[in-house]
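User: I am new to this structure. Please walk me through it, and tell me what each label rests on.

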Amino acid sequence: MSMAAVGMIAGMALGFAGYFGGFGAFLLVAALGAVGFVAGRILEGDLEPGDFFRARDDRRDRRR
């Protein structure tokens with residue numbers, strides 16, 4: 001499935017949630033979609049869980 005189709009489906013889901021459930025439902029669907037996106041990227045191997053928990057000093061040392 002192309003990224004355009006995935007984006008369209010996600011946009012439609014957010015639109016339906018906003019229309020039928022109000023702004024709170026819109027935010028809930030958007031937050032759960034973001035969590036699912038990050039989980040999928042971790043499972044695919046594109047992200048490492050440690051990337052979210054590194055100290056700022058570690059990133060600064062890599063730039064040098």
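Analyst: This is a predicted model. The chain holds two helices and zero strands.

User: How much of the chain counts as buried?

Analyst: Of its 64 residues, 2% count as buried. That label needs a relative accessible area under 20%. The accessible surface of the chain comes to about 5500 Å². Carbon and sulfur atoms account for 66% of that surface.

User: How do you know that α1 is not a straight helix?

Analyst: Set the span against the expected value. Helix α1 has 42 residues, and a straight helix would reach 62 Å at 1.5 Å a residue. The end C-alpha atoms of α1 are only 16 Å apart. The span falls short, so α1 is not straight.

User: Where does α1 bend, and by how much?

Analyst: The bend is at Gly21 and comes to about 145 degrees. That is the angle between axes fitted to the seven residues ending there and the seven starting there. Another pair of positions is worth a look. Gly11 and Ala30 are 19 residues apart along the chain, and their C-alpha atoms are separated by 9.5 Å.

User: What makes Gly11 partly exposed?

Analyst: Gly11, in helix α1, has a relative accessible area of 38%. Partly exposed lies between 20% and 50%, so the label fits Gly11.

User: How many aromatic pairs are there, and why is the pair of Phe16 and Phe20 called stacked?

Analyst: The whole structure has three aromatic pairs. The ring centres of Phe16 and Phe20 are 6.0 Å apart, and centres within 6.5 Å make a pair. Their planes meet at 10 degrees, and stacked means under 30, so this pair is stacked. Both residues lie in helix α1, four residues apart, about one turn of the helix. Residues three or four places apart in an α-helix point the same way, because there are 3.6 residues a turn.

User: Are Phe16 and Phe20 buried or exposed?

Analyst: Phe16 has 48% relative accessibility, so it counts as partly exposed. Phe20 has 61%, over the 50% cut-off, so Phe20 is exposed. Ring pairs also link Phe16, Tyr19 and Phe20 into a cluster.

User: What makes Phe23 and Phe26 a stacked pair?

Analyst: Their rings are 6.0 Å apart, centre to centre, with 20 degrees between the planes. The limits are 6.5 Å for a pair and 30 degrees for stacking, so both tests are passed. Phe23 and Phe26 lie three residues apart in helix α1, about one turn of the helix. Phe23 counts as exposed at 59% relative accessibility. Phe26, at 30%, counts as partly exposed.

User: Why is the contact between Asp46 and Arg41 called a salt bridge?

Analyst: Their side chains meet at 3.2 Å, N to O. The cut-off is 4 Å between a side-chain nitrogen of Lys or Arg and a carboxyl oxygen of Asp or Glu, so the pair qualifies. The structure holds one salt bridge. Side chains of opposite charge can pair when their charged atoms come close.

User: What else does Arg41 touch, and what surrounds this part of the chain?

Analyst: Not counting residues up to four places away in sequence, Arg41 touches Asp46 and Leu47. Arg41 is found in helix α1, residues 3-44. Just after α1, Gly45 takes a positive phi of about 95 degrees.

User: How exposed are the two salt-bridge partners?

Analyst: Asp46 has a relative accessible area of 45%. Arg41 has 31%. Both values lie between 20% and 50%, so Asp46 and Arg41 are each partly exposed.

Note on methods. Residues are numbered from 1 along each chain as its sequence is written. This is a predicted model: local features need pLDDT of at least 70, side-chain atom pairs count only at pLDDT 80 or more; totals for chains, interfaces and linings use all residues. Side-chain values use heavy atoms; hydrogens and water are left out. Contact means heavy atoms within 4.5 Å. Rings of Phe, Tyr and Trp (its six-membered ring) pair if their centres lie within 6.5 Å; planes under 30 degrees apart count as stacked, over 60 as edge-to-face and the rest as tilted. Buried means under 20% relative accessible area, exposed over 50%, partly exposed in between (1.4 Å probe, protein chains only). Accessible areas come from the Shrake-Rupley method with a 1.4 Å probe; for residues, only the protein chains shown count as cover.
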